[in-house]
Amino acid sequence: MALLEMTGVRKAFGSHVVLRAVDLEIEPGQCVVLIGASGSGKSTLLRCVNLLETVDDGVITFEGRDITDPRMDADAVRSRMGLVFQSYNLFPHLSVLGNVTLALRKVHGVAAGEAEERGLAMLARVGLESKAAARPDDLSGGQQQRVAIARALVTGPGLMLLDEVTSALDPELVGEVLDLLGELKDDGVTMLLNTHEMGFARDVADTVCFLHDGVIHESGTPAQVLDDPSQERTRAFLSRLR
Ligand code: ADP
Ligand code: MG
């Protein structure tokens, strides 16, 4: 069974239908990259998966449960997902380690000593153990985004959702964050993300999904979708990037 399965998902804001009928599946360990024009609904799709938006129609199952069932405990679902945005939103008054361990202690009820141990191990994983005591403001943007990724990963989520996590970074800092995501993929972390970094999609994605007109208009391997698209709309979108 797929880890995440979206079937016929519809989401409108008033009369503006953003997602018409989205079908999408992710198997454990897969990296699925969403591409599409600005305003095509990529962020909305990720927000629906994280239950930050309520879908109008359709079903989303995650880890075997229908999370669109209104009786579902949204906080419990969210605690099984790691969400990272373009803006890293670290707490400036907390140390790097404090940021990484906050949810472990407050949401997952992990004791301080164990939280610290797991936080330090996760900081080592993203190459920032030496920054544990620093304040976020003392770090570069790329380092701050790596801390945000560590914070999302430390609770052991079943799925990572990453919304344009390199878009706010200076160009020279993009690579270190993309490299980290590639390593996480090698470690078996399941990811659904959207990005404009087509090189990354080509290297790391198992599946690329082109979102257009409220549906996944075309999906397949990076080679199929990026190098040999079957749909005219996909070709037009890709040609505008070049
Ligand atoms: P993308 O991430 O692909 O750029 P978004 O998912 O952010 O696209 O937005 C898709 C469309 O939905 C846009 O037209 C946007 O203005 C609209 N939209 C997103 N969120 C809201 C909201 N909370 N209220 C009204 N319209 C929204
Ligand atoms: Mg967006």
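User: Which residue is the bridge partner of C31 in β8?

Analyst: This is a predicted model, so read every pairing below as a feature of that prediction. Strands of a sheet pair through backbone hydrogen bonds, either parallel or antiparallel. Here M191 in β8 is the bridge partner of C31. Four bridges join β3 to β8 (residues 191–194), and the two strands run parallel.

User: Which residue in β9 is the bridge partner of V32?

Analyst: V32 has T207 as its partner in β9. Strand β9 covers residues 207–212 and is joined to β3 by four bridges, again in parallel.

User: How many residues of β3 are buried?

Analyst: Five of the five residues in β3 (31–35) are buried. Take the faces in turn. C31, V33 and I35 lie on one side, V32 and L34 on the other, and both faces are covered.

User: Why look for a nonpolar core at all?

Analyst: In soluble globular proteins, nonpolar side chains tend to be buried together. In this model the largest nonpolar core has 65 residues. V33, M191, L192 and V208 touch the most other members.

User: Which residues does L192 touch, leaving out those up to four places away in sequence?

Analyst: L192 touches L4, I26, V32, L46, V49, L159 and L161. V32 belongs to β3, on the side it shares with L34.

User: What is the strand order in the open sheet of four strands?

Analyst: The order is β2-β1-β4-β5, with antiparallel pairing. The edge strands are β2 (16–26) and β5, since each pairs on one side only. Seven bridges join β1 (residues 4–13) to β2, and these strands run antiparallel. Within that pair, F13 stands opposite H16.

User: Which residues surround ligand 1?

Analyst: The shell holds F13, V18, G36, S38, G39, S40, G41, K42, S43 and T44. F13 is thus both in the shell and opposite H16 of β2. By class, the shell has two nonpolar, seven polar and one charged residues.

User: Which helix gives the most to that shell?

Analyst: Helix α1 (residues 42–49) gives the most, with three residues.

User: Where is L51, and what is its phi?

Analyst: L51 is found in the loop between α1 and β4 (57–62). Its phi is near 65°, a positive value in a residue other than glycine. L51 counts as partly exposed because it has 19 C-beta neighbours inside 10 Å, and buried needs 20 or more.

User: Where does E164 lie?

Analyst: E164 lies in the loop between β7 (159–163) and α6 (171–186). Phi of E164 is near 50°, also positive in a residue other than glycine. With 18 C-beta neighbours inside 10 Å, E164 is partly exposed.

User: Why is D73 classed as it is, exposed or buried?

Analyst: D73 is exposed because 10 other C-beta atoms lie within 10 Å, and the cut-off for exposed is 12 or fewer. D73 sits in the loop between β5 (65–66) and α2 (74–78). The C-alpha atoms of D73 and E117 are separated by 29 Å, with the two residues 44 apart along the chain.

User: How far apart in space are G199 and L226?

Analyst: They are 9.9 Å apart, C-alpha to C-alpha, and 27 residues apart in sequence. G199 lies in helix α7 (residues 198–204). With 12 other C-beta atoms within 10 Å, G199 is exposed.

Key:
Residues numbered from 1 in each chain as written. Chains lettered and ligands numbered in written order. Predicted model: local features only at pLDDT ≥ 70, side-chain atom pairs only at ≥ 80, totals over all residues. Core = buried A, V, L, I, M, F, W, Y, C linked by C-beta atoms within 7 Å. Contact = placed C-beta atoms within 7 Å. Pairing = 2+ DSSP bridges. Near = placed C-beta within 6 Å. Nonpolar A, V, L, I, M, F, W, Y, C, P; charged D, E, K, R; others polar.
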